[in-house]
Amino acid sequence: MASSLLGATMLSPAAFAQEGAQEPAGETVVVTGSRIARPEAESPVPVAVVDERDLAVEGSQNVSDILNELPQVGIGSTRTNTNFLTSGTGIATVNLRSLGNSRTLTLVNGRRFISGFAGDSAVDLNNIPTDFLERVDIVTGGSSAVYGSDAMAGVVNFVLRDNFKGFTLRAQAGITDEGDNGQYLISATAGTTFGARGNIMANFTYDRDDGLYSRKRDISDQDCSALTCGPAAYSSYAPQGQYQLVSAGGAARPILTGGRSTFSFNPDNSLAIIPGLGAVGYGFNRNAERYISVPVERYLGAVVGNYEISDSVTAFAEVTYSRVSSNSSLEPFALDLLNDIYFRDIDPYGIPITNPFIPGPIAAAIAAANSDADPTNDVAAINGRRRQNDVFDRSNEVLRNTWRVAAGFKGDLGGFNWEASYVYGHMNDFNASQDIDNNRYRNALDAIRVGPGNVVGVDIICRDAAARAEGCIPLNLFGFNTADPRAASYVQAVVPKSEEVTNEQHVAAFSIAGPVATLWAGDLSVAAGVEYRSESTFDDLDILTNTGGNSGNVTPDLAGRFDVWEVYGEARLPLLADQPLAHYLGVNGAVRYSDYSTIGSTFSWNAGLEYEPIAGLRFRGNYAVANRAPNISELFSAPSETFAAVTDPCDGVTATTAGAAATACRSVPAIAAFLAANPGGAFTYTLADLQGINGFVGGNPNLQEEKAKTYTIGLAVSPQLVRGLVFTVDYYNIKIDDAIGSLGRSYSIEQCLLTNEPVYCNNVVRNATTGFVTRVDGQLINVVGYQTSGIDVGVRYSTPLGLLNNDRLSLSGNYTYLIEYNQQSDPANDPIDYSGTFGAGYSRHRANVRATYSIDEFSMSWATRFMSGGPYTLGFTSNNPAVAALNDIKDYWLHDAQIRWDIDRSYSFFLNVDNVFDTKPQYLPGAQFGTPTGLETSADFDVIGRRFTAGAKIRF
């Protein structure tokens with residue numbers, strides 16, 4: 001058994017609990033990383049294995065939770081970082097080496113699975129039924145030659161059971177010691193044979209995660225910024241509103257008490273004259289409404305059937321269906337009147353001063369200012385911002401339905417194994433939320449008084465007759481909970497804000513593998529195949545989102561497809577066998593040619609060497625050239641509008657400002673003319689100028705494939721004198737060139753000035769008269785580079801202790817030492833090395849270790865996970881030493897435990913305690929560190945706390 005594990009990196013913590021379940025040494029199997037059947041000991045690349053016993057000892061109801069604990073895996077999409085996504089809420093992905101979800105190829109039984117995102121290749125692991133799994137194989141490093149595009153960082157292959165007889169029922173429930181975030185699962189698996197040649201098995205799983213609000217944990221119950229949590233850090237977009245009196249051009253008019261122009265309301269809705277927009281004490285605690293972890297509910301069904309048509313031909317089919325629902329909890333929308341309703345080009349620039357809801361003292365001050373002889377005091381409108389608590393709820397609800405069918409024939413032909421298969425995948429993702437219709441909102445704000453009273457809809461009505469005819473009710477935004485429900489209903493979009501994503505996948509493949517010749521050292525084995533794949537996506541958004549007629553920017557639909565024909569081959573050539581100091585020596589290699597309808601042809605290949613000088617000591621090395629074709633979203637996403645903040649180096653430039661950027665600014669004719677006309681003046685943007693800079697960011701049909709060069713060198717040791725011990729160590733190096741990314745919009749402005757290169761200047765539009773930047777676009781290009789390297793170590797040991805009858809101690813450990821993680825966002829800049837910063841994929845040291853002690857049917861298990869500390873954000877600086885200190889993350893340890901009782905292999909009971917010592921996450925406010933919204937810490941930490949899970953499994 002120990003020999004049979006030589007090819008794998010050690011991951012299985014319970015693998016020695018039931019030795020008899022292991023594959024017999026020397027049995028040929030198809031190991032992920034190669035299409036040639038061979039003994040598992042002879043895997044050409046390191047393969048990490050998580051088997052069904054690992055799943056059992058973890059007690060997790062979602063396989064993504066287990067994979068995210070592995071040192072090779074970075075943080076993908078999870079329940080704790082998708083609250084602020086739209087269609088991606090609640091999705092779970094795997095992110096090998098932290099190189100991105102799209103650079104990890106996810107397979108089921110060696111075949112592709114439909115994506116869970118619009119136009120992407122990343123698979124939603126919510127669709128994988130945990131109780132149907134036999135094991136999970138993980139190969140890190142380029143595997144495009146063997147499996148095709150997307151395998152830049154590696155491959156995760158979920159291997160399903162293919163034969164089962166009987167019935168099992170598993171049920172479990174978990175809760176935190178705070179009494180929240182309930183998790184529940186029930187799973188039934190049944191299998192039988194039919195006729196003399198057929199078998200069929202089915203699984204149904206239901207599970208639910210209740211989610212967790214940010215307000216339920218001390219670290220995130222308040223909005224935070226730097227060292228401040230509470231009212232001083234609250235959002236200035238308040239439920240009662242903060243408002244500013246402005247002129248016809250949008251400039252502030254300071255006519256109120258103390259020379260101020262801004263006002264808000266106290267909790268009793270009395271008027272408050274405030275020093276400016278963003279005044280402390282008049283804000284809103286957004287974290288009270290957010291999720292730390294989004295709820296997820298899953299219904300999964302899976303069926304696998306096989307029928308032996310003859311002794312050499314078997315028909316097979318795999319059918320999977322999942323229904324996954326989730327929802328976000330977002331704070332009510334932060335509405336900016338100028339940006340979201342009036343757009344700086346609709347007069348007036350805010351609520352009309354004829355609005356009868358304007359507080360009496362404010363209305364009197366406006367009347368006095370507008371009636372005096374000084375027109376510079378005139379007020380034309382009321383601008384400002386208000387949280388939409390009583391108007392609409394923008395939290396979304398998501399429902400995903402996923403179908404996948406894989407069917408075909410497989411068999412033996414003269415010593416060769418062959419398979420012909422067809423895979424169809426269909427994913428439909430519908431999410432909906434409330435939003436506003438901007439035109440209706442303006443109508444509702446343009447209210448007039450027609451009667452002596454204050455009855456809304458009678459004495460106070462909408463000015464526009466056509467709007468009244470369609471049901472317009474005036475909207476009062478001045479104060480807490482002042483919006484009439486009828487007005488709120490009117491301003492909401494008639495058609496809810498929605499997005500419907502439909503992905504389809506067709507894969508037809510034929511492969512054959514086997515020995516073609518018997519040579520002096522063994523069989524020359526080959527594998528070859530041909531594959532056709534078609535992928536399509538349609539992302540259908542509501543009409544107001546398409547046109548920018550709601551609270552968001554203009555976002556077009558996405559429609560695209562591609563297909564690809566591929567042919568591949570693989571060979572394994574033994575050179576020496578059973579010789580002195582050459583128990584085995586051989587070479588292997590693979591090639592793949594792909595012809596895409598989008599980018600044309602690509603070629604990938606790998607070559608490897610295996611050397612076993614003596615039995616139990618194996619050296620291996622592999623070099624691969626891999627490719628990733630751009631996905632549908634990257635190619636075909638139409639430009640969508642953004643108003644994200646940008647910086648122009650010319651802002652504040654004078655005739656004497658030093659520096660290359662300032663010199664370049666003065667070469668812009670309009671800026672030069674301004675400085676000449678204003679001696680001693682500075683070319684300066686107003687806030688309105690900066691806020692008005694828009695841009696469009698989208699895909700690029702001219703993208704080409706990403707290219708990677710990867711290699712691994714390692715050894716596996718299983719000494720014959722120490723039965724039950726397996727040790728592996730592997731060095732990996734992954735370098736990706738021409739990775740797809742976009743240049744920063746501010747960076748494009750700067751580089752256009754300094755270089756005048758079209759790659760930057762084509763994105764930047766300056767007003768020829770004023771010199772101001774008015775638009776900055778962003779487009780995906782092949783510009784980013786990555787390089788990461790490190791060392792993976794695995795150890796596994798199992799032995800009877802002899803303290804009691806039938807007792808056994810099993811130990812397993814997995815450790816990754818990260819040497820480098822370089823990212824180069826632009827060829828003009830030096831790469832930045834993020835290794836040694838804190839987090840999955842970046843910490844210098846990561847490890848997980850498990851010890852299991854068993855006596856007959858009873859076992860106790862203890863697991864420890866470790867990530868070394870370091871700076872969270874590279875190069876973070878602050879003038880406040882206490883804030884700077886937050887960036888220093890300490891070493892992070894987590895401990896889990898399980899007690900398990902298996903009775904006659906028919907009944908199993910377990911109790912798990914995760915995060916035994918209730919280790920708290922480190923405070924990392926999102927405002928400074930960019931951590932997921934609502935957490936005030938990193939998703940790399942356990943943000944939930946100590947959890948208890950109890951479960952049982954019955955077998956018939």
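This report describes aromatic ring pairs, and charged side chains placed over rings, in a predicted model.

## Aromatic pairs and a cluster

Across the whole structure, a search finds 28 aromatic pairs. One of them joins Phe263 and Phe265, whose ring centres are 6.1 Å apart and whose planes stand at 80°, so this pair is edge-to-face, given that planes over 60 degrees apart are classed in that way. Phe263 counts as buried, because its relative accessibility is 0%, and Phe265 also counts as buried, at 4% relative accessibility. Phe263 and Phe265 belong, together with Tyr243 and Phe478, to one aromatic cluster.

## A tilted pair between two strands

The rings of Phe866 and Trp893 have centres 4.4 Å apart and planes at 45°, and the pair is therefore tilted. This pair links distant parts of the chain, since Phe866 lies in strand β46 (residues 858–867) and Trp893 in strand β49 (residues 892–903), with their positions 27 residues apart in the numbering.

The two partners fall into separate accessibility classes: Phe866 counts as buried at 16% relative accessibility, whereas Trp893, with a relative accessible area of 45%, is partly exposed. The class of Phe866 follows because buried means under 20% relative accessible area.

## Charged side chains over rings

Two placements of a charged residue over an aromatic face can be described here. Arg385 lies over the face of Tyr237, at 4.7 Å from the ring centre, while Lys410 lies over the face of Phe316, at 5.5 Å from the ring centre.

Definitions and conventions
Residues numbered from 1 in each chain as written. Predicted model: local features only at pLDDT ≥ 70, side-chain atom pairs only at ≥ 80, totals over all residues. Heavy atoms only, no water. Phe/Tyr/Trp six-rings, centres within 6.5 Å; stacked < 30°, edge-to-face > 60°. Buried < 20%, exposed > 50% of the residue type's maximum accessible area, 1.4 Å probe, protein only. Helix = DSSP H or I, 4+ residues; strand = E, 2+ residues; numbered from the N terminus. Lys NZ or Arg CZ within 6 Å of the ring centre and 35° of its normal.
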